[in-house]
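Good morning, and thank you for coming. Please take a moment to look at the sequence and the structure before I begin.

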Amino acid sequence: MELRSVEELMDLLYACRHQRALRTAALLRRARPADKELQVAGLVHGVEELLGPADGAAHAVRHLLGERVYHLVRGDGAATDEDVLRLRQADEESRTASFDAGVLEDWRTVLELVAARNSRLGAVD
């Protein structure tokens, strides 16, 4: 499955149990407020429950959100070890953290921003 729009991604996120993904993304936002791609990776890695392992989720968002998000979600060597570690730590912390991480709709603008940035970069290549 390959997601082609933020709307498709939002539908998929709503279908998942997205509270943990919201907490993961919020923790990453606190740790690295300027790194939107890392935050988005934290949000979307949760679609694994519908798409299979991280590789399935990564492939689904690759075209829409770009190579860095793809590699972060996969957790592979093309992403920096520090960023992959930060993502994993936030994911682990989100399992036990109990705070109001907002609502999924709050992330639509960030997803649109990352998707638009990826689209512009793709058009240049």
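Helices α2 and α3 are roughly antiparallel to each other. The model is a predicted one, and in it these two helices pack at an angle of about 165 degrees, with their axes 7 Å apart. An angle over 145 degrees counts as roughly antiparallel, and that is why the pair receives this description. The crossing of α2 past α3 is right-handed. On the α2 side, the contact is made by Ala21, Leu22, Thr24, Ala25, Leu28 and Arg29. On the α3 side, Leu38, Gln39, Gly42 and Leu43 take part. For those new to this kind of description, two packed helices are described by the angle between their axes and the distance between the axes.

Let us turn to a second pair. How do α3 and α6 lie with respect to each other? They are oblique, since they pack at an angle of about 50 degrees, a value that is neither under 35 nor in the range from 65 to 115. Their axes are 9 Å apart, and α3 passes α6 in a right-handed crossing. From α3, the residues Glu37, Leu38, Val40, Ala41 and Val44 meet Arg68, Val69, Leu72 and Val73 of α6. Within α6, the buried residues are Val69, Tyr70, His71, Leu72 and Val73. After α6 comes Gly75, whose phi is positive, near 75 degrees.

I now come to the charged residues. Side chains of opposite charge can pair when their charged atoms come close. How many salt bridges does the model contain? The count comes to 13. One of them joins the side chains of Arg68 and Glu37, at 3.2 Å from N to O. Arg68 lies in helix α6, residues 67–74, and Glu37 in helix α3, residues 36–44, so this pair ties together parts that are 31 residues apart in sequence. Arg68 itself counts as partly exposed, at 28% relative accessibility.

Arg68 also forms a salt bridge with Asp83, and here the closest N and O atoms are 2.6 Å apart. Asp83 belongs to helix α7, residues 81–96, whereas Arg68 belongs to α6, so this pair ties together parts that are 15 residues apart in sequence. Is Asp83 buried or exposed? Asp83 counts as buried because its relative accessibility is 6%, and the limit for that term is under 20%. Not counting residues up to four places away in sequence, Asp83 touches Arg32, Asp35, Leu38, Arg68 and Leu72. Several of these names return in a wider arrangement: Arg32, Asp35, Glu37, Arg68 and Asp83 are linked in a network of salt bridges.

A further salt bridge joins Arg95 and Asp91, at 3.5 Å from N to O. Both residues lie in helix α7, 4 residues apart, about one turn of the helix. An α-helix has 3.6 residues a turn, so residues three or four places apart point the same way. Arg95 is partly exposed, with a relative accessible area of 47%, whereas Asp91 is buried, with a relative accessible area of 10%.

Let us stay with α7 for one more residue. Val84 lies in this helix and counts as buried, at 7% relative accessibility. Leaving aside residues up to four places away in sequence, Val84 touches Leu72, Gly75, Asp76 and Ala79. Where is Val84 in relation to Ala41? The two are 43 residues apart in sequence and 9.8 Å apart in space, from C-alpha to C-alpha.

Finally, I turn to the nonpolar interior. The largest nonpolar core has 40 residues. Those with the most contacts inside it are Leu9, Val40, Leu43, Val44, Leu65, Val69 and Leu111. Which helices each supply at least two residues of this core? They are α1 (6–15), α2 (19–31), α3, α5 (54–65), α6, α7 and α8 (108–124). Val44 may serve as an example: among the residues it touches, not counting those up to four places away in sequence, are Leu9, Leu13, Ala57 and Val61. Val44 also touches Leu65, Val69, Val73 and Leu111.

To close, I return to α3. This helix is roughly antiparallel to α2 and oblique to α6, and α3 is among the helices that supply at least two residues of the largest nonpolar core. Thank you for your attention.

Conventions
Residues are numbered from 1 along each chain as its sequence is written. This is a predicted model: local features need pLDDT of at least 70, side-chain atom pairs count only at pLDDT 80 or more; totals for chains, interfaces and linings use all residues. Side-chain values use heavy atoms; hydrogens and water are left out. A salt bridge is a side-chain nitrogen of Lys or Arg within 4 Å of a carboxyl oxygen of Asp or Glu. Buried means under 20% relative accessible area, exposed over 50%, partly exposed in between (1.4 Å probe, protein chains only). Contact means heavy atoms within 4.5 Å. A nonpolar core is a set of buried Ala, Val, Leu, Ile, Met, Phe, Trp, Tyr and Cys residues joined through side-chain atoms within 4.5 Å. Axes are lines fitted to C-alpha atoms, for helices over the stretch in contact, and angles run from 0 to 180 degrees between N-to-C directions. A crossing is left-handed if the near helix is turned anticlockwise from the far one by less than a right angle, and right-handed if clockwise.
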